[in-house]
Amino acid sequence: MSWNRKHLLDIESLTVEEITTVLDTARAFKAVGERAIKKVPALRGKTVVNLFVEPSTRTRISFELSEQRLSADIINFTAEASSLKKGETLKDTARNLEALNTDFIVIRHSASGAPHFLARELNASVINAGDGAHEHPTQALLDAFTIRERKGRIAGLNVTILGDILYSRVARSDIWALTRLGAKVTLCGPSTLVPRVFEQMGCRVTYNVDEAIQDADIINLLRIQHERQRKSMFPSLGEYSSLFGLNKARLARTKPDALIMHPGPINRGVEIDSEIADCGRSLILEQVTNGLAVRMAVLFLVNGGKGPQEIAP
Amino acid sequence: MAEATLILNAQAIQRALTRIAHEIAERNEASQEVVLVGIQRGGVPLADRLGKLLGGIWNHTVPTGQLDVGMHRDDLDRRIAPAVLPTVIPFDVTGKTVVLVDDVLFSGRTTRAAMDALNDFGRPRRIQLAVLVDRGHRELPIKADFVGKNLPTAPTESVRVRLDEEDADEVLLEKT
């Protein structure tokens with residue numbers, strides 16, 4: 001069990017062993033969050049910049065708290081209140097941040113590949129907190145962690161991802177992580193948002209919701225990414241809800257132990273019925289708790305150096 | 001492959017642990033105040049065995065926990081990040097005598113990290129240290145209270161403690 005990477009840029013390039021290392025490490029960090037003193041000195045003296053060029057609430061707060069619980073010093077940087085508004089390029093912004101001797105840059109950006117660009121340009125460790133419609137690796141890792149914790153395994157499970165797949169970085173990262181760990185992934189949603197091309201990632205694509213969820217162990221619901229859609233991809237939210245929303249009647253036809261996930265923010269009454277979001281089979285809030293542990297684990301792992309892992313006893 | 005010399009066999013390990021248990025009992029008259037915490041990973045099975053031995057001496061169970069020091073190490077950005085094993089301390093350490101248990105005492109840095117980590121769980125009355133092997137070469141002002149075997153070593157050698165199941169236990173000194 002070891003991790004040799006300086007950055008976390010995507011899931012696509014991770015091996016099964018690397019993903020498993022993150023999940024195993026996160027288990028120990030979850031326990032830290034359950035103690036009276038929820039803080040460890042692992043990143044003491046290190047500086048983390050949270051560079052959120054695209055708006056985010058839950059991911060940003062989760063990263064911030066993870067960093068605080070690792071004793072790092074934090075600089076928060078949002079697009080609205082920064083010189084990016086004054087025409088500074090991402091590269092110049094990042095180089096200015098690096099001139100402050102920052103050790104880690106957590107970046108959320110609307111352009112796919114922005115974290116990879118920074119990783120090439122800068123000496124700091126870069127963590128992708130979501131880049132365009134490309135990837136959102138820590139979300140996939142926390143989803144995998146949550147599934148493994150609740151189901152005891154991932155290999156062999158049927159995971160259905162339902163909703164806007166085309167514009168979803170969560171979907172892409174989830175597909176990479178879950179198929180690599182041996183899950184059978186089914187994608188479902190309006191045909192305009194679930195192109196057949198995703199079959200090349202090793203998924204099954206169907207447009208029939210009831211068929212998509214009848215054998216599912218996990219149903220992962222995704223929000224419609226209005227902000228990324230250039231034109232209307234389906235007639236109305238009402239029609240989306242009746243055709244693809246998870247409601248009581250649909251849930252009744254799933255396996256009784258099928259669990260429901262959602263990366264948030266949820267749109268009650270659109271992709272998920274309000275009472276289902278709050279029911280015992282919903283893991284939505286557990287995902288939030290586990291997100292902290294997974295992000296602590298990622299920061300802890302990328303902080304590692306080059307020396308041998310084992311110390312001579 | 002490394003050349004290995006047998007330092008302790010299973011019987012010698014058992015004798016050393018029995019002696020350490022009696023020394024812990026002798027030093028700590030208030031037996032109800034004593035808890036054991038094994039340092040991951042080598043100290044955990046040793047703490048469990050010492051707990052059973054002390055339970056036999058005192059006629060009551062001795063609370064035993066396990067502590068991983070990975071998050072408290074002072075070389076985290078120099079080495080590949082360590083595998084972090086579970087920390088389970090199912091009792092309050094505040095006011096207790098905590099006996100930290102480890103297999104090998106070397107630089108003392110693990111012990112320092114363990115004392116630091118323990119702080120997050122409360123304020124022990126005192127902390128004592130029990131080790132199966134003290135191999136010297138301390139880099140910090142740390143000394144064990146209870147030692148199974150003092151073993152002079154060269155810095156380049158390594159001490160391997162195997163605690164599989166009672167009969168196969170052994171301590172080896174490996175030259176690399």
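Helices and strands here are DSSP runs, helices of at least four residues and strands of at least two, numbered from the N terminus. With that in hand, start in chain B of this predicted model, at B:Arg41, which sits in the loop between β2 (34-39) and α2 (43-58) of chain B. The peptide bond leading into B:Arg41 from B:Gln40 is cis, with omega near -5°. Most residues other than glycine have a negative phi, and most peptide bonds are trans, so that is a good spot to begin.

B:Gln40 and B:Arg41 turn up again at the largest pocket. They are among the residues nearest its centre, together with A:Glu310, A:Ile311 and A:Pro313. The volume of this pocket is about 1200 Å³, and 40 residues line it. Three elements of chain B give two or more residues each to the lining: β4 (97-105), α3 (109-119) and β7 (158-162). Of these, β7(B) makes the largest contribution, with five residues. Sort the lining by class and you get 17 nonpolar, nine polar and 14 charged residues.

Now hop over to chain A for another cis bond. This one runs from A:Gly264 to A:Pro265, with omega near -10°. A:Pro265 is in the loop between β9 (259-261) and α10 (274-277) of chain A. And here, too, the cis pair belongs to a pocket: A:Gly264 and A:Pro265 lie nearest the centre of the second largest pocket, along with A:Arg108, A:Arg169 and A:Arg223. That pocket has a volume of about 360 Å³ and a lining of 20 residues. Helices α2 (58-69) and α6 (169-180) of chain A each supply at least two of them. The lining breaks down into five nonpolar, eight polar and seven charged residues.

Follow chain A past the end of α2 and there's one more backbone oddity. A:Ser71 lies in the loop between α2 and β2 (73-78) of chain A, and it has a positive phi of about 70° despite not being a glycine.

Next, some helix packing in chain A. Two packed helices are described by the angle between their axes and the distance between the axes. For α1 (residues 16-32) and α11 (residues 284-302) of chain A, the axes come within 7 Å and cross at roughly 115°, in a right-handed crossing. On the α1(A) side, the contact residues include A:Val22, A:Ala26 and A:Phe29; on the α11(A) side, they include A:Ala293, A:Val294, A:Ala297 and A:Leu301. The residues of this contact divide into eleven nonpolar, four polar and one charged.

Finally, look at how the two chains meet. The size of an interface is often given as the accessible area lost when the parts come together. Here chain B and chain A bury about 2200 Å² between them, with 61% of it on carbon and sulfur atoms. In chain B, the residues that lose the most area to chain A are B:Met71, B:Arg79 and B:Ile80, which together make up 32% of what that side buries. The contact draws 25 residues from chain B and 28 residues from chain A.

B:Met71 has another role in the picture, as one of the residues nearest the centre of the largest cavity; A:Arg35, B:Asp68, B:Val84 and B:Thr87 are the others named there. About 80 Å³ of space lies in this cavity, and 14 residues line it. Ten of the lining residues are nonpolar, two polar and two charged.

Conventions
Residues are numbered from 1 along each chain as its sequence is written. Chains are lettered from A and ligands numbered from 1 in the order in which they are written. This is a predicted model: local features need pLDDT of at least 70, side-chain atom pairs count only at pLDDT 80 or more; totals for chains, interfaces and linings use all residues. Side-chain values use heavy atoms; hydrogens and water are left out. Axes are lines fitted to C-alpha atoms, for helices over the stretch in contact, and angles run from 0 to 180 degrees between N-to-C directions. A crossing is left-handed if the near helix is turned anticlockwise from the far one by less than a right angle, and right-handed if clockwise. Contact means heavy atoms within 4.5 Å. Ala, Val, Leu, Ile, Met, Phe, Trp, Tyr, Cys and Pro count as nonpolar, Asp, Glu, Lys and Arg as charged, and the others, Gly among them, as polar. On a 1 Å grid over the protein atoms alone, a cavity is a set of points where a 1.4 Å probe fits but cannot get out, and a pocket is an open set with protein on both sides within 12 Å along at least five of seven lines; lining residues have an atom within 4 Å of a point. Grid points are joined across faces, edges and corners, and a volume is the space filled by probe spheres set on the points. Buried area is the accessible area (1.4 Å probe) that two parts lose on being put together, summed over both.
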